[in-house]
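The exercises below are to be worked with the sequence and the coordinates at hand. Each task is followed by a solution in steps.

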Amino acid sequence: MIEEGLRSNTDLEVASLKVKEAQATLMASRLNYLPSLQLDAEGTLKSFDQKKTSKTYDIGVSADWEIDFFGKLTNAKRQAYAALKESDTYRQAVQTQVIATIAANYYSLLMLDE
């Protein structure tokens, strides 16, 4: 009964989804330490009076890397990690509450049967 209750409880499912969301946020904050690259490609075709077609290609590349002098990235990562721990703790609390409720109701039913 406990396994069925854990599988079908919507509050526990929402708490699990919040944990996954917090994990994704933590991963994104860790990826902010990596440089970002951007590639821009453009091509044009020009023809005047149906003569020979002129082709022009432009390719631009840029790289950006933020240096964490004042701890902005580190604080964002710490905040994301704390949010992950908070979400996981909340999920555990919901799971414990569901188990306790199922067990209490089960023993109440047994007592009433006697």
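The model is predicted.

**Exercise 1. Identify the residues of the largest nonpolar core and state which helix gives the most to this core.**

Step 1. The largest nonpolar core is made of five residues, V19, A22, L26, A80 and L84.

Step 2. Two elements, α2 (10-31) and α3 (72-113), each give two or more residues to this core.

Step 3. With three residues, α2 gives the most.

Step 4. Leaving aside residues up to four places away in sequence, the core member V19 touches L84, S87, D88 and R91.

**Exercise 2. Decide whether S29 and S87 are buried or exposed, and list what each touches.**

Step 1. S29 has its place in helix α2, while S87 is found in helix α3.

Step 2. The cut-off for buried is under 20% relative accessible area. S29 has 5%, so S29 is buried. S87 has 17% and therefore also counts as buried.

Step 3. With residues up to four places away in sequence not counted, S29 touches A76, K77 and A80. Under that exclusion, S87 touches K18, V19 and A22.

Step 4. Two of these contacts are with core members: A80, touched by S29, and V19, touched by S87.

Step 5. As a distance check, the C-alpha atoms of S87 and E21 are 9.0 Å apart, with their positions 66 residues apart along the chain.

**Exercise 3. Find the salt bridges and describe the accessibility of the partners.**

Step 1. The structure holds three salt bridges.

Step 2. R7 and E4 meet through their side chains at 2.8 Å, N to O. Both are in helix α1 (residues 2-8), three residues apart, which is about one turn of the helix. R7 has a relative accessible area of 60% and is therefore exposed; E4, at 44%, is partly exposed.

Step 3. E66 is bridged to K72, with 3.6 Å between the closest N and O atoms. E66 is partly exposed at 40%, and K72 is exposed at 57%.

Step 4. R91 and D88 form a salt bridge at 3.1 Å, N to O. These two residues are three apart in helix α3, so about one helical turn separates them. D88 has a relative accessible area of 23% and so counts as partly exposed. Both R91 and D88 are also among the residues touched by V19.

**Exercise 4. Characterise the aromatic pair and the nonpolar surface patch that includes Y106 and Y107.**

Step 1. A pair of aromatic rings is described by the distance of the centres and the angle of the planes.

Step 2. There is one aromatic pair, formed by Y106 and Y107, with 5.5 Å centre to centre and 70° between the planes. Planes over 60 degrees apart count as edge-to-face, so the pair is edge-to-face.

Step 3. Y106 is partly exposed at 37% relative accessibility, whereas Y107 is exposed at 57%.

Step 4. M1, Y106, Y107 and L110 make a nonpolar surface patch of about 470 Å². L110 lies in helix α3 and is partly exposed, at 35% relative accessibility.

**Exercise 5. Where is D11, and how far is its C-alpha atom from that of M1?**

Step 1. D11 is found in helix α2 and has a relative accessible area of 49%, so D11 is partly exposed.

Step 2. The C-alpha atoms of D11 and M1 are 17 Å apart, the two residues being ten apart along the chain.

Notes: Residues are numbered from 1 along each chain as its sequence is written. This is a predicted model: local features need pLDDT of at least 70, side-chain atom pairs count only at pLDDT 80 or more; totals for chains, interfaces and linings use all residues. Side-chain values use heavy atoms; hydrogens and water are left out. A nonpolar core is a set of buried Ala, Val, Leu, Ile, Met, Phe, Trp, Tyr and Cys residues joined through side-chain atoms within 4.5 Å. Buried means under 20% relative accessible area, exposed over 50%, partly exposed in between (1.4 Å probe, protein chains only). Helices (H or I, at least four residues) and strands (E, at least two) are DSSP runs, numbered from the N terminus. Contact means heavy atoms within 4.5 Å. Rings of Phe, Tyr and Trp (its six-membered ring) pair if their centres lie within 6.5 Å; planes under 30 degrees apart count as stacked, over 60 as edge-to-face and the rest as tilted. Patches are made of residues with over 30% relative accessible area and no salt bridge: like charges are joined within 9 Å, nonpolar side chains (Val, Leu, Ile, Met, Phe, Trp, Tyr) within 5 Å. Accessible areas come from the Shrake-Rupley method with a 1.4 Å probe; for residues, only the protein chains shown count as cover. A salt bridge is a side-chain nitrogen of Lys or Arg within 4 Å of a carboxyl oxygen of Asp or Glu.
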